[in-house]
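Student: Please take a close look at a single part of this structure. Then connect that part to the rest of the chain.

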Amino acid sequence: MTDFERLTIYVGESDQWQGKPVHLALVEEARRHGLVGATVVRGMTGYGKHNQERIKFLGIIELSSDLPMVVTLIDRTDKIEQFLPLVQEMVAGGIVVRDTVNVVHHAPIE
């Protein structure tokens, strides 16, 4: 059985890397590095290191804000290991969590 790991990357919607949103840059770099896939989820509510004084939320009037973005990558341990230094360079204001996962089903890549 192949070992798989998950990187869960928490950043702010307004965080930037080389002139583009860091969540988008992470997905583009993951694809360029041949990782199987990436998912980005926009949080509805949250706070973090740069906005602890105020909880950010998506309300009816406030359609755009510095909401939390969560990027999830799952791939073989060796691929995650190779990609991690770039992630650490890109994520200046967020947090990166790395954990081993038990993949019970993976559809073939076409």
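Tutor: Start with Glu29. Leaving aside its neighbours within four places in sequence, Glu29 is in contact with Trp17, Phe83, Leu86 and Met90 (contact means heavy atoms within 4.5 Å). This is a predicted model, where local features need pLDDT of at least 70 and side-chain atom pairs count only at pLDDT 80 or more, while totals for chains, interfaces and linings use all residues. Residues are numbered from 1 along each chain as its sequence is written, and side-chain values use heavy atoms, with hydrogens and water left out.

Glu29 lies in helix 1 (helices are DSSP runs of H or I with at least four residues, strands are runs of E with at least two, and both are numbered from the N terminus). Its relative accessible area is 14%, which means that Glu29 counts as buried (buried is under 20%, exposed is over 50%, partly exposed is in between, with a 1.4 Å probe and protein chains only).

What does the side chain of Glu29 pair with? Glu29 meets Arg32 in a salt bridge, 2.9 Å from N to O (a salt bridge is a side-chain nitrogen of Lys or Arg within 4 Å of a carboxyl oxygen of Asp or Glu). Both residues lie in helix 1, 3 residues apart, about one turn of the helix. Arg32 has 62% relative accessibility and so counts as exposed, whereas Glu29 is buried.

Now follow two contacts of Glu29 into the core. Phe83 and Met90 are among the partners of Glu29. They are also among the members of the largest nonpolar core that touch the most other members, along with Leu7, Ile9, Leu26, Leu73 and Val87. This core has 19 residues (a nonpolar core is a set of buried Ala, Val, Leu, Ile, Met, Phe, Trp, Tyr and Cys residues joined through side-chain atoms within 4.5 Å). Two or more core residues come from each of strand 1 (4-12), helix 1 (22-32), strand 7 (68-76) and helix 2 (77-90). Helix 2 gives the most, with 6 residues. In soluble globular proteins, nonpolar side chains tend to be buried together.

Leu73 is another of those core members. Beyond four places in sequence, Leu73 is in contact with Glu5, Arg6, Leu7, Ile9, Ala30, Leu35, Gly37, Ala38, Ile80 and Phe83. Phe83 therefore turns up in the contact lists of both Glu29 and Leu73.

Leu84 is found in helix 2. Its relative accessible area is 12%, so Leu84 is buried. Outside its neighbours within four places, Leu84 is in contact with Leu7, Val96 and Arg98. Leu84 and Arg98 are 14 residues apart in sequence, and their C-alpha atoms are 9.3 Å apart.

Back to charge. By the rule above, the count comes to 7 salt bridges. In one of them, Asp99 meets Arg6 at 2.7 Å, N to O. Asp99 lies in strand 8 (residues 95-101) and Arg6 in strand 1, so the pair ties together parts that are 93 residues apart in sequence. Asp99 is partly exposed at 25%, and Arg6 is partly exposed at 28%. Arg76 forms another with Asp78, the closest N and O atoms being 3.2 Å apart. Arg76 is partly exposed at 33%. Asp78 is partly exposed at 38%. Elsewhere, salt bridges that share partners join Glu5, Glu81 and Arg98 into one network.

Set Asp75 beside Glu29. Asp75 lies in strand 7. Asp75 is buried yet has no salt bridge. The nearest side chain of opposite charge is Arg76, 4.3 Å away (Lys and Arg count as positive, Asp and Glu as negative; His and the chain ends are not counted). A polar atom of the Asp75 side chain lies 2.7 Å from the backbone nitrogen of Val36. Past four places in sequence, Asp75 is in contact with Asp3, Phe4, Glu5, Gly34, Leu35, Val36 and Ile80.

Last, the whole chain. It has 2 helices and 8 strands, in the order β-β-β-α-β-β-β-β-α-β from the N terminus. Buried residues make up 35% of its 110 residues. Of the contacts with a separation of 6 or more, 74% join residues 24 or more positions apart.

Conventions. Polar contact = N/O pair within 3.5 Å; in protein donor to acceptor, adjacent residues only side chain to side chain.
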